[in-house]
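User: I would like a close look at a single part of this structure, explained at the level of a first-year student. Please set that part in the context of the elements around it.

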Amino acid sequence: MRWSTYRDSEGVEGVGVWDANGLHPVSTEVSLLDLIRAESLPAAYDEARGQPPIDPSTVTLLPPVPRPPSIRDFMAFEEHVVTSFAAIGAEVDPLWYRQPVFYFTNPAALRGAHDAIPVSPGSAAFDYELEIAAVIGRAGADLDPETAAEHIAGYLLFCDWSARDLQSQEMRLNLGPAKGKDGAHSCGPWMLTPDELPAAAAMTASVNGQSYSSGRLDALYWSFGEMIAYASRGTEVIPGDLIGSGTVGTGCILELSRTHGSDAYPWLQPGDEVRLEATGLGAIEAHIEPAVPAVPLRKGTP
């Protein structure tokens, strides 16, 4: 099942399910998160399929879960970790191979799959990150990694837009990333239920029609079950939480420029068109816009 959240021409949000005929709306005023919490996706699917499809061109696709309770973004692909650490002159700490790592990011920065994305204020090194995220469907604490994936309601394509220069400055202070990461996160265009996601889903990215990234979901070093179990340790994951995989190998300009040179893979600029795609999960198509000016905090500071 492919679930989307949309806004119609009158500004009203709705939930719909896709089939070969288009997007079928759920007739009642309910959010996708409501359906996930109630564990009623199958019943809502059957009901929606009986509704006439709406024309997707008449609505705006929002993030499937527009206001998730939290977003934890992991770093679970080994190729990305090794190459990106080398890009900043560092070695991978052996601890990464013993436990997964994540950071909390900004749910208010979530954007739809076709929304324009502005460069982060003050950044001259703007980047995409090609990821897949799991949507938690059932609450749980101190979960077993063998069964934690049973708590997943679905998966969606995810992009963690990154200001690499801001990120590197912040992390010199042993905290963050903060403004290097929280400007925007694209996701969607739909949430796919777990039974339909291929284990070896292909993941690709292009900029201005030029092929950039290519990887596969089954290259994960840490499984989603292990990531969710770790996220739930000593606390609770709850319905609607997003669990990001982190960047697939080759899935960002930081890696590509390190390997092939910055002339071949320059940082994103206003006017660029970025397309990210994964098997079964659709595509994110983002137009890059100029940054708004950074407001100085004090005289003589950024």
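How many residues line the largest pocket, and which of them lie nearest its centre?

Analyst: The model shown here is predicted, and every value below is computed from it. The largest pocket is lined by 30 residues. Those that lie nearest its centre are Met75, Phe85, Gln167, Met171 and Pro177. Four elements give two or more residues to this lining, namely β5 (71-74), α3 (78-87), β6 (102-105) and α4 (164-171). The largest share comes from α4, which supplies 4 residues. The volume of the largest pocket is about 810 Å³.

The chemical character of the lining can be described by class. In the largest pocket, 14 lining residues are nonpolar, 8 are polar and 8 are charged. A general idea helps in picturing such spaces: rolling a probe the size of a water molecule over the atoms shows where empty space is left.

One of the central residues, Pro177, deserves a separate remark. Pro177 is joined to Gly176 by a cis peptide bond, with omega at about 5 degrees. The place of Pro177 in the chain is the loop between α4 and β14 (185-187). Thus a residue among those nearest the centre of the largest pocket also takes part in a cis peptide bond. A second cis peptide bond can be described alongside it: Gly188 and Pro189 are joined in this way, with omega of about 15 degrees. Pro189 belongs to the loop between β14 and β15 (191-192).

Helix α3, which gives two or more residues to the lining of the largest pocket, also packs against another helix. Two packed helices are described by the angle between their axes and the distance between the axes. The axes of α3 and α6 (residues 253-260) come within 9 Å and cross at roughly 65 degrees. An angle from 65 to 115 degrees counts as roughly perpendicular, and α3 is therefore roughly perpendicular to α6. The crossing of α3 and α6 is left-handed.

Helix α4 leads on to the second largest pocket. Here too α4 gives the most to the lining, with 3 residues. The second largest pocket has about 600 Å³ of space and is lined by 20 residues. Nearest its centre lie Pro121, Gly122, Leu166, Lys179 and Ala294. By class, 11 residues of this lining are nonpolar, 5 are polar and 4 are charged.

Elsewhere in the chain, an open sheet of 5 strands runs in the order β8-β21-β20-β16-β17, with mixed pairing. The edges are held by β8 and β17 (210-216), each with a single partner strand, so one side of each is left without a neighbour in the sheet. A general rule assists in reading such a sheet: in a regular strand the side chains alternate between the two faces of the sheet.

The sheet may be followed from one edge to the other. Strand β8 (residues 117-118) pairs with β21 (residues 282-289) in the parallel sense over 2 bridges. Within this pairing, Ile117 has Ile288 as its bridge partner, and Pro118 has Glu289. Next, β21 and β20 (residues 273-278) pair in the antiparallel sense over 6 bridges, and one of the bridge pairs is Glu277 with Ala283. These two strands, β20 and β21, form a hairpin with 3 residues between them, and in its turn Gly280 has a positive phi of about 85 degrees.

On its other side, β20 meets β16, and 5 bridges join these antiparallel strands. Here Thr204 has Glu277 as its bridge partner in β20. Glu277 is therefore a point where the chain of partners can be traced across β20, since its partner in β21 is Ala283. Finally, β16 (residues 202-207) and β17 are antiparallel and are joined by 6 bridges, with Val207 opposite Gln210. The hairpin of β16 and β17 has 2 residues between the strands, and its Asn208 takes a positive phi near 55 degrees.

A positive phi also occurs in a loop between helices. Glu39 has a positive phi of about 50 degrees although it is not a glycine, and it lies in the loop between α1 (32-37) and α2 (41-49).

Technical notes. Residues are numbered from 1 along each chain as its sequence is written. This is a predicted model: local features need pLDDT of at least 70, side-chain atom pairs count only at pLDDT 80 or more; totals for chains, interfaces and linings use all residues. Side-chain values use heavy atoms; hydrogens and water are left out. On a 1 Å grid over the protein atoms alone, a cavity is a set of points where a 1.4 Å probe fits but cannot get out, and a pocket is an open set with protein on both sides within 12 Å along at least five of seven lines; lining residues have an atom within 4 Å of a point. Grid points are joined across faces, edges and corners, and a volume is the space filled by probe spheres set on the points. Ala, Val, Leu, Ile, Met, Phe, Trp, Tyr, Cys and Pro count as nonpolar, Asp, Glu, Lys and Arg as charged, and the others, Gly among them, as polar. Two strands pair if DSSP finds at least two bridges between them. Axes are lines fitted to C-alpha atoms, for helices over the stretch in contact, and angles run from 0 to 180 degrees between N-to-C directions. Angles under 35 degrees count as roughly parallel, over 145 as roughly antiparallel, 65 to 115 as roughly perpendicular and the rest as oblique. A crossing is left-handed if the near helix is turned anticlockwise from the far one by less than a right angle, and right-handed if clockwise.
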